[in-house]
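Me: I have a structure open and I want to learn how to read it. Can we go through some features one at a time?

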Amino acid sequence: MMNQKLKNKIEAKDKNINSLLKDQKFSIDYFQREYRWQKKHIELFIEDLTTTFLKSYNKNDKRSDVANYQNYYLGPVIFSNDPYSGKKSIIDGQQRITSITLFLIYLYHLQSGNGNNVSITELIYSEKYGEKSFNMSDSLREPCLKALFDVGEYIPKDIDDETVLNMKECYTYIEQSFPEELTKEALPFFIDWFIENVVLVEITAYSDENAYTIFETMNDRGLNLTSTEMLKGYVLSKISDVKQRTDINEIWKDQMQKLHENDENEDQAFFQAWFRGKYAISIRLGQVGSVDQDFELIGSRFHNWFKENDKALFNLNTSDEFYDFFKYQFQFYVEVYLNILKAQESFNQNMPHTNYIKNWGIAESLQNALLLAPICYGDDQNNVEKKLDFTSRYIETFTVRRAVNYRKFGQSSIKYSMFKVIKRIRDNDLKTLGIILSDEVEKIPENWDGICEFGMHGQNRKFVKHLLSRISGYLDERIGKGNTYVSYHHPNGKQFEIEHIWANKFSEHTDEFSQENDFQSWRNSIGALILLPQGTNQSFSSDKYDAKVDHYIKENTYAQTLNQNYYVKNPNFLNVPEIQKLGFKPHNQFKKSDIEEREKLVKRVCENIWSIDYFII
C-alpha cells in the first residue's frame with residue numbers, strides 16, 4: 001500500500017522547458033478535453049514569446065548572454081505521478097504542452113541545415129532500442145506528430161479526431177506566425193532562450209485525488225476580475241448620477257451578452273480592437289530596452305491604460321461626458337464589431353472582402369483594430385460596410401501579395417507597418433480612405449511577378465485553396481454564373497479540392513525532366529493547379545492530361561478554359577470586356593510551356609482581381 005505521507009505529498013517547482021520536457025514521458029488521460037487551440041491562440045503565443053525575446057536580444061551578443069535575458073512565464077501545469085509505475089499523467093496543461101511540442105518540431109525543421117543547431121530533439125521524443133516515442137504518449141496523436149517531425153507535413157485521414165486536425169492546423173499557423181527576422185542569425189539565440197528562459201510551474205501530486213483537487217481549486221475558486229470588469233467598475237465610478245450609472249450598467253450587461261454569444265473572451269478582444277483602432281498613438285520599437293507603449297499596454301491591461309488616458313485621448317472629464325460616451329459611442333462600436341464578426345463568418349455581398357480575410361487575413365489583434373480605425377461615430381450602414389470592405393480588401397491584397405512571394409505576415413513581422421496604416425486611415429471619410437489605401441497598396445514591396453515562381457508546398461495548401469477559390473469565383477461572376485468564392489472555399493454541399501493537372505507520374509514526363517524533384521516542382525506550380533469537386537478530383541487524378549481535359553469541360557469556368565470545346569460552345573466568353581484582356585486560350589496538350597502560359601494568365605487575373613481601381617469612389 002502506498003505510503004500515506006507520499007500519497008498526500010504535493011510539490012511545486014519552477015521549471016524551464018528544457019527541464020520540464022527533456023527525456024520525459026507524459027500520458028494524457030482519457031477524460032482530457034480535445035486539443036482546441038485555434039489560430040488566435042497560436043498567434044498570441046508566438047507574439048508573446050518573440051516580443052519578450054526581442055526586448056533583450058542584441059545582434060552583438062554571445063549565446064551565453066541569453067542566460068541574462070528576460071524570462072517569460074507560461075503558467076502552471078499539473079501532473080499526477082504514480083511512484084510505483086512511474087506513470088506521469090497530465091491533469092492540466094496539455095493544451096500548452098501540445099503547442100510547445102508543435103513549436104519545437106517547427107524550430108527543429110527551421111534550424112535544419114544551419115551549422116549552429118541547438119539540441120532539442122530530446123524535448124520532442126526519446127529513443128530506445130532504435131525506436132522513437134514522443135514525450136506525449138497518445139496513440140491517436142502519434143501518426144500526426146511523427147509525420148510533422150519527419151517531413152514537416154501531415155495529411156489528415158478520415159478517422160482523425162478534432163485533436164489531430166487541430167494539431168495539423170496549428171502547426172501551419174506556427175509556420176505562418178513566426179517572424180522572418182528570427183529565422184536566420186537570431187534563431188539559435190531564440191531557441192536557447194525558449195528552452196532555458198521560458199518558465200512554467202510544475203505541480204506534482206502523487207495521487208489522482210490530490211491532482212484533481214488542485215485542478216478544481218485553480219479553475220473554480222477565486223476567479224480574478226477581467227480587464228473588462230475592472231474597466232466597467234472604473235467607468236461607473238466616474239458617473240455620479242445614480243440613474244445614469246444604472247443605465248450604463250444595464251447597457252454594459254446587454255453589450256457583454258451580445259459579445260459573449262460569439263466567444264467568452266470576445267469582450268476583451270473588442271476593447272483591444274476599439275482602443276487600438278481609434279485611440280492608440282504609440283507602439284514599442286523592436287529594439288533592446290524599448291518599453292511597452294499604447295499598443296502593447298492595451299493588449300495586456302487595457303483598463304489601466306484607459307484610466308491613464310481617459311482625459312488626454314478620450315477627452316472625458318465630466319460625469320456627463322463619461323455617460324454620453326458609453327451610452328452612445330460604446331454601443332455603436334460594439335454593433336460595428338459584431339457586424340465584422342458576422343461578415344467574417346457569413347458572406348455579405350456588400351462587404352465580401354471581410355469574409356475573405358477570415359480565411360486569409362492578418363492576426364486578429366491587428367486586423368480588427370485596422371477595420372475599426374476608419375469608422376466614424378454616426379456613419380450610416382452603407383458607409384460602415386463600404387469602409388469595412390475597403391479596409392478588408394487592403395488586408396487581403398497585402399496578405400496575398402506577400403504569400404505568392406513566400407513572405408510571412410505574422411504579427412511580429414508587420415505590426416509596426418500596420419500600426420502606421422491604422423493611424424493613417426483613422427476617422428477617414430470614404431473617399432479619403434480609398435485614396436490612402438490605394439497609396440498603401442502601391443507601397444507594398446511584393447508584386448505580382450512572384451506568381452510565376454509560386455507553387456504549392458506542404459505548408460501553404462490552405463493559401464493555394466484560397467487563391468484558386470478567388471480566381472474561380474471571380475471568373476464565374478464575370479460571366480454571370482451564380483458561383484462565388486464561397487461556392488469553392490466553404491460550400492454547403494460537396495467540398496472542392498486542389499487538382500494537379502499533371503498526374504503524379506514522373507515516368508510520363510521524362511521527355512522534359514531528368515530529375516523527379518524538378519518534375520514535382522513544376523507539377524505543384526500555380527499554373528498547373530485547379531479546383532475540382534471532391535470525388536471528381538479523386539476519380540481521375542491519375543489519368544493523363546488528354547483524358548482529364550475532357551472531364552474539365554463539365555467543371556468550373558477556370559477548369560473549362562483548358563478545353564478547346566469550351567470556346568466553341570461559349571463564343572461570348574471572350575467578348576466579356578474584363579475577360580478579353582486576360583488572354584485565355586485552350587491547351588490541347590500540357591507541357592512546361594503550357595504551365596508557363598497559365599502562370600502568366602494567373603498573374604493577369606490576380607492583377608485584375610486586386611486592382612486598386614476598386615478603391616475609386
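Reply: Start with a pair of strands. β3 and strand β8 (residues 198–205) pair in the parallel sense, over seven bridges. Keep in mind that this is a predicted model.

Me: What holds paired strands together, in general?
Reply: Strands of a sheet pair through backbone hydrogen bonds, either parallel or antiparallel. You have just met a parallel case: β3 with β8. Within that pair, Ile-78 stands opposite Ile-203 in β8.

Me: Which strand does β3 run antiparallel to?
Reply: Strand β4 (residues 88–92) runs antiparallel to β3, and four bridges join them. Look for Asn-81: its bridge partner in β4 is Lys-88. Ile-78 also stands opposite Asp-92 in β4.

Me: Is strand β3 mostly covered or mostly open?
Reply: Mostly covered. Strand β3 spans residues 72–81, and nine of its 10 residues are buried. As a general idea, side chains in a regular strand alternate between the two faces of the sheet.

Me: In what order do the strands of the sheet lie?
Reply: The order is β1-β8-β3-β4-β2-β7. These six strands form an open sheet with mixed pairing. β1 (10–16) and β7 (136–137) stand at the edges. Each has a single partner strand, so one side of each is left without a neighbour in the sheet.

Me: Which helix packs on that sheet?
Reply: Helix α4 (residues 94–110) packs on the sheet. Helix α4 touches β3, β4, β7 and β8. Its direction makes about 115° with that of β3.

Me: What does strand β9 pair with?
Reply: Strand β10 (residues 529–533) pairs with β9 in the antiparallel sense, over five bridges. Phe-496 stands opposite Pro-533 in β10. Strand β9 covers residues 496–500, and four of its five residues are buried, so β9 is largely enclosed by the rest of the structure.

Me: Now helices. How do I read one?
Reply: An α-helix has 3.6 residues a turn, so residues three or four places apart point the same way. Then check the length. Helix α11 (residues 242–260) has 19 residues and reaches 27 Å from its first C-alpha to its last. That is close to the 27 Å expected at 1.5 Å a residue.

Me: Which residues of α11 are buried?
Reply: Gln-244, Ile-248, Asn-249, Ile-251, Trp-252, Gln-255, Met-256 and Leu-259. The buried residues of α11 pack against α10 (227–237), α12 (266–278) and α14 (319–345).

Me: What caps the N-terminal end of α11?
Reply: Asp-241 does. A side-chain oxygen of Asp-241 lies 3.1 Å from the backbone nitrogen of Lys-243.

Me: How does helix α7 compare with its expected span?
Reply: It agrees. The 16 residues of helix α7 (residues 162–177) should span 22 Å, and the end C-alpha atoms are 22 Å apart. Buried residues of α7 include Val-164, Met-167, Cys-170 and Ile-174. The buried residues pack against α3, α4, α6 (142–151) and α20 (461–478).

Me: How many disulfides does the whole structure have?
Reply: Zero. Take Cys-144 as a case. The closest cysteine sulfur, in Cys-170, is 10 Å from the sulfur of Cys-144, too far for a bond. Cys-170 is in no disulfide. Cys-144 is buried at 0% relative accessibility. Cys-170 is buried too, with a relative accessible area of 1%.

Me: Can we read a single residue, say Thr-51? Where is it?
Reply: Thr-51 is in helix α3 (residues 39–56). At 13% relative accessibility, Thr-51 counts as buried, because buried means under 20%. Its side chain reaches the backbone oxygen of Glu-47 at 2.7 Å. Leaving aside neighbours within four places in sequence, Thr-51 is in contact with Arg-284 and Lys-415.

Me: Where does Asp-379 lie?
Reply: In the loop between α16 (364–372) and α17 (381–404). Asp-379 is buried, with a relative accessible area of 17%.

Me: What does the side chain of Asp-379 reach?
Reply: It reaches the backbone nitrogen of Cys-376 at 2.9 Å. A polar contact of 2.8 Å also joins the side chains of Asp-379 and Lys-387. Not counting residues up to four places away in sequence, Asp-379 touches Phe-332, Pro-374, Val-384 and Lys-387.

Terms used:
Residues are numbered from 1 along each chain as its sequence is written. This is a predicted model: local features need pLDDT of at least 70, side-chain atom pairs count only at pLDDT 80 or more; totals for chains, interfaces and linings use all residues. Side-chain values use heavy atoms; hydrogens and water are left out. Buried means under 20% relative accessible area, exposed over 50%, partly exposed in between (1.4 Å probe, protein chains only). Helices (H or I, at least four residues) and strands (E, at least two) are DSSP runs, numbered from the N terminus. Two strands pair if DSSP finds at least two bridges between them. The expected span of a helix is 1.5 Å times one less than its number of residues. Contact means heavy atoms within 4.5 Å. A polar contact is a pair of N or O atoms within 3.5 Å; within protein, one must be able to donate a hydrogen and the other to accept it, and residues adjacent in sequence count only if both atoms are side-chain atoms. A disulfide is a pair of cysteine sulfur atoms within 2.5 Å. Axes are lines fitted to C-alpha atoms, for helices over the stretch in contact, and angles run from 0 to 180 degrees between N-to-C directions.
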